[in-house]
Amino acid sequence: MSTSSLDLARPAPRAGLAPRAPRAPRPAVLARWISPLAVLVLWQALSSAGLLPERLLAAPVTIAATGVELFRDGTLTEAIGVSVRRAALGFLLGGAAGIGLALVAGLGRIGENAVDPIMQMLRALPLFGLIPLFILWFGIGETPKVGLVALGVVFPLYLNTFAGIRGVDGRLGEVARVLDLGRGALIRHVVLPGALPQALVGLRQSLGIAWLALIVAEQINASSGLGFMINNAREFLRTDIVVLGLVVYAALGLATDAVVRLLERKALSWRATFLR
Amino acid sequence: MARDVPALTGEAVATVTGFSRRFGDRTVLDGVDVTIGRGEFVALLGRSGSGKSTLLRALAGLDPAPAGERDGIAVDGTVAVAFQEPRLLPWKRVRANVALGLRTPDPGAAADGALTEVGLIDRAGAWPLTLSGGEAQRASLARALVRRPDLLLLDEPFSALDALTRITMHRLVLDLWERHRPGILLVTHDVDEALLLADRVLVLDGGRIAHESRVGLDRPRHRDHPHLLDLRSTLLATLGVTPEGTA
């Protein structure tokens with residue numbers, strides 16, 4: 001699942017058939033940049049010609065300039081810091097809970113009967129529908145924001161890790177019994193590594209939801225962070241700052257996804273040779 | 001030639017007495033008696049579904065039989081198993097797979113020793129998914145062997161290999177058996193394989209041992225030996241195969 005679904009979908013260049021310089025950018029890759037750049041140019045042209053009013057959407061050049069300016073005066077860095085802290089805290093709490101519950105449910109019948117029904121029921125609740133309750137419970141400070149991120153992270157991690165544990169090849173479990181491995185060794189050497197690929201899928205899904213939950217949560221009367229920066233800009237019709245905020249959110253999402261992909265490549269290197 | 005087997009000399013490493021096993025209302029094993037002597041090489045033949053793997057799994061302690069049905073299995077000593085599929089943990093390198101669960105002081109060195117014996121030491125650091133079928137089966141043999149078993153259970157370990165690799169593996173197994181002398185139970189559906197390797201060949205049919213032959217020839221055996229040709233037709237007939245086709 002690592003790079004698999006994407007990389008397998010692409011026709012793999014066969015060594016020997018079409019020898020290529022390994023790192024030279026391929027024409028196909030360059031070709032994929034043409035249309036996004038054209039859209040950007042068109043957007044800039046429409047803005048410069050006055051056909052796209054700044055009130056609706058700022059020009060790319062303006063947005064870039066605003067970005068540099070807000071970075072220089074520290075506003076952007078501070079907002080990113082606050083938002084990343086919320087996301088990280090929520091992710092850690094939710095991740096620990098999700099994986100912990102998956103272990104409890106995955107490693108035994110009693111645990112499964114205790115944990116899984118509750119998780120399946122809670123999973124059906126709409127995450128963002130809980131915001132009013134969260135405000136009643138936790139007020140409008142940091143807690144509801146971190147809590148919402150954590151809750152969004154719990155379910156994909158739980159579901160995937162649980163499925164991963166249960167999906168471990170039973171024949172390998174027999175090997176463990178024949179080799180006289182104890183329960184602890186069985187879990188450490190067979191169950192956890194076997195569940196890891198699926199758990200990493202859950203990790204990627206949950207990171208996506210973490211950012212989404214953060215963006216929504218930061219609309220709740222935030223007084224700092226990227227969401228606050230965007231909301232504030234809306235009041236002054238500063239579409240350049242709004243778009244800048246969105247771009248930063250997107251970049252953060254892509255960055256964490258890249259980290260997980262790197263993690264996958266390291267942790268699942270035993271499959272890499274097989275996928276390549 | 002049936003039932004002309006002399007009594008076992010020496011003590012037994014495994015005895016199965018009156019062992020029965022039912023799955024639902026289907027009786028797979030119905031009062032099986034088998035004795036495997038220390039250092040004896042026994043082959044167990046049978047058609048698919050005859051229960052030969054069930055018997056092996058019972059000896060391996062893998063049979064989740066309800067209490068009361070487990071009676072009749074006694075193994076004296078260490079048991080190791082090599083399955084039909086190599087069943088290596090794909091996330092552990094070959095050496096770690098072989099060393100897994102070893103309680104000796106230096107598992108890595110022991111694993112290397114076993115890998116050297118099966119001729120796979122140069123792939124000790126490889127990921128299992130990069131091994132060929134024969135190499136993976138060698139690793140699986142090394143993992144069984146490194147435990148110095150008194151009873152080695154082989155569940156059709158060569159059936160998925162190509163003919164040439166299978167011949168090499170036969171030699172390897174004989175070689176290892178002669179060096180370490182574990183008792184071996186080889187479950188197979190290949191009559192020639194049983195005749196080339198085993199001291200004694202059992203045929204499982206109708207839930208019981210339907211036939212038993214001792215192969216009193218020195219190894220390495222040649223498959224065209226007249227004695228083996230005789231035995232082969234007897235065994236094939238027991239298995240329901242005649243020269244004209246299936247009975």
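**Exercise 1.** Describe the open sheet of six strands in chain B, its strand order and its edges.

Solution. The strand order of this open sheet of chain B is 5-6-7-3-8-9, and its pairing is mixed. Here strands are DSSP runs of E with at least two residues, helices are runs of H or I with at least four residues, and both are numbered from the N terminus. Two strands pair if DSSP finds at least two bridges between them. At the edges stand strand 5 and strand 9 of chain B, each pairing on one side only. From one strand to the next the twist averages 20°.

The model is predicted: local features need pLDDT of at least 70, side-chain atom pairs count only at pLDDT 80 or more, and totals for chains, interfaces and linings use all residues. Residues are numbered from 1 along each chain as its sequence is written, and chains are lettered from A and ligands numbered from 1 in the order in which they are written.

**Exercise 2.** Follow strand 5 of chain B: state its pairing with strand 6, the burial of its faces and the helix that lies across it.

Solution. Start with the pairing: strand 5 (residues 79–82) of chain B runs parallel to strand 6 (residues 151–155) of chain B, and four bridges join them. Val81(B) has Leu153(B) in strand 6 as its bridge partner. Next, the faces: Val79(B) and Val81(B) on one side are buried, as are Ala80(B) and Ala82(B) on the other. A residue is buried if 20 or more other C-beta atoms, placed from the backbone, lie within 10 Å of its own, exposed if 12 or fewer, and partly exposed in between. Last, helix 4 (residues 133–145) of chain B lies across strands 5 and 6, at about 175° to strand 5. Such angles run from 0 to 180 degrees between N-to-C directions, with axes fitted to C-alpha atoms, for helices over the stretch in contact.

**Exercise 3.** At the other edge, find how strand 9 of chain B is joined to strand 8.

Solution. Strand 8 (residues 200–205) and strand 9 of chain B run antiparallel and are joined by six bridges. One bridge pairs Asp205(B) with Arg208(B) in strand 9. The loop between strand 9 (208–214) and helix 7 (226–238) of chain B holds Pro220(B). Arg219(B) and Pro220(B) are joined by a cis peptide bond, with omega about 0°.

**Exercise 4.** Locate Glu156(B) and Leu237(A), give their phi values and classify their exposure.

Solution. Glu156(B) is in the loop between strand 6 and helix 5 (163–180) of chain B. Its phi is near 45°, a positive value in a residue other than glycine. Glu156(B) is partly exposed because 19 other C-beta atoms lie within 10 Å. Leu237(A) is in the loop between helix 10 (226–235) and helix 11 (239–267) of chain A, with phi near 55°, again positive in a residue other than glycine. Leu237(A) has 13 C-beta neighbours inside 10 Å, so Leu237(A) counts as partly exposed.

**Exercise 5.** Work out the side of chain B that touches chain A.

Solution. The contact takes 17 residues from chain A and 13 residues from chain B; residues are in contact if their C-beta atoms, placed from the backbone, lie within 7 Å. The chain B side divides into nine nonpolar, three polar and one charged. Ala, Val, Leu, Ile, Met, Phe, Trp, Tyr, Cys and Pro count as nonpolar, Asp, Glu, Lys and Arg as charged, and the others, Gly among them, as polar.

Conventions
Contact = placed C-beta atoms within 7 Å.
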